[in-house]
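Q: I'm new to reading protein structures and would like to go through one with you. Could you take it step by step with me?

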Amino acid sequence: MDEQTLDIFSAARARRDVAGIRDALSRVTAGDIARVLVRSPRYGLYALEGTVRIGVGGQPLVGDVILATSSEIQRIDLGIDAPAPALSADVVDPSTLPHGTPVRVTFATPTHNTFAVTGPITAGNDRFLLVGSWIVADDRVIAPRVLSIERLDDIDLHEVNVPPLRSVLVDAEA
């Protein structure tokens, strides 16, 4: 990930690049490599990088994020390098990743291929550590789809980019 994008994690909220998002949406095609910067109340600020695929209804997606002008999407970058696992990175013990630790995690799934998520680790009232909406570890066991975990100790993650501890999702009562 380029330094300019990493700097976004150190800064307080930046303005959404709505014009850039619309431009990217007009040009994106299946197979492109894209980076989506997302601000979520539940997962904080995170970047997801991977191959664009077309989902049900014809919507382009990267990982589990639908590319659109929704208010959570802050920016879409096209024409980036494909994400690759950090095979030279040290093996990270999940117990050394407290809530808010900045990381870059590379995943591989049959549906999404190889993709990377950069952002704060989130913890909550469960046994899971997540980055974005993706499980990194389940009760100190690294998730099976994780290829690599990099601690990004060089990033001074701004407090507004780290969400509060996750609460349990509760079904609405009928």
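Q: Let's start with R35 and E49: are they buried or exposed?
A: This is a predicted model, and in it both R35 and E49 are buried.

Q: What do the side chains of R35 and E49 do?
A: The side chains of R35 and E49 meet in a salt bridge, with 2.9 Å from N to O. R35 belongs to strand β1 (residues 33-40) and E49 to strand β2 (residues 44-54), so the pair ties together parts that are 14 residues apart in sequence. As a general point, side chains of opposite charge can pair when their charged atoms come close.

Q: And which residue does E49 meet in the salt bridge that measures 2.8 Å, N to O?
A: That is R104, whose side chain meets the side chain of E49 at 2.8 Å. Since E49 lies in strand β2 and R104 in strand β6 (residues 102-109), this pair ties together parts that are 55 residues apart in sequence. R104 is buried, just as E49 is.

Q: Which residues are linked in the network of salt bridges?
A: The network links R35, E49 and R104 with R75, D77 and E150.

Q: How many salt bridges are there in the whole structure?
A: A search of the whole structure finds 9. One of the pairs that form a salt bridge is R151 with D153, at 3.3 Å from N to O. R151 counts as partly exposed because its relative accessibility is 35%, whereas D153, at 56%, counts as exposed.

Q: Changing topic: which residues of helix α1 are buried?
A: In α1, the buried residues are T5, L6, I8 and F9. Looking down the axis of α1, you would see these buried residues fall within an arc of 140°, so they line one face of the helix. A general rule helps here: an α-helix has 3.6 residues a turn, so residues three or four places apart point the same way.

Q: What do the buried residues of α1 pack against, and what sits on the face turned away?
A: The buried residues of α1 pack against β1, β2, β5 and β7 (113-122), while the face turned away from the buried side carries the exposed residues E3 and Q4.

Q: You mentioned β5, so where does Q74 lie, and why does it count as buried?
A: Q74 lies in strand β5, which covers residues 73-78. Its relative accessibility is 9%, and because buried means under 20%, Q74 counts as buried.

Q: What is around Q74?
A: Leaving aside neighbours within four places in sequence, Q74 is in contact with A14, R16, D17, I21, L37, V38, R39 and L45. In addition, a polar atom of the Q74 side chain lies 3.3 Å from the backbone oxygen of S71.

Q: Which residues touch the most other members of the largest nonpolar core?
A: They are V105, F107, V117 and I149, in a core of 33 residues. A second, separate core has 9 residues, including L37, A47, I155 and L157. In soluble globular proteins, nonpolar side chains tend to be buried together.

Q: What does V105 touch?
A: Not counting residues up to four places away in sequence, V105 touches F115, A116, V117, V131, V136, V146, S148 and I149.

Q: Last one: what is the mean pLDDT of the protein?
A: The mean pLDDT is 89, and 94% of the residues reach 70 or more. Among the elements, strand β8 (residues 128-131) has the highest mean pLDDT, at 96, and helix α1 (residues 3-10) the lowest, at 83.

Note on methods. Residues numbered from 1 in each chain as written. Predicted model: local features only at pLDDT ≥ 70, side-chain atom pairs only at ≥ 80, totals over all residues. Heavy atoms only, no water. Core = buried A, V, L, I, M, F, W, Y, C linked by side-chain atoms within 4.5 Å. Buried < 20%, exposed > 50% of the residue type's maximum accessible area, 1.4 Å probe, protein only. Contact = heavy atoms within 4.5 Å. Helix = DSSP H or I, 4+ residues; strand = E, 2+ residues; numbered from the N terminus. Polar contact = N/O pair within 3.5 Å; in protein donor to acceptor, adjacent residues only side chain to side chain. pLDDT = per-residue confidence, 0-100. Salt bridge = Lys/Arg side-chain N within 4 Å of Asp/Glu carboxyl O. Arc of directions from axis to C-beta.
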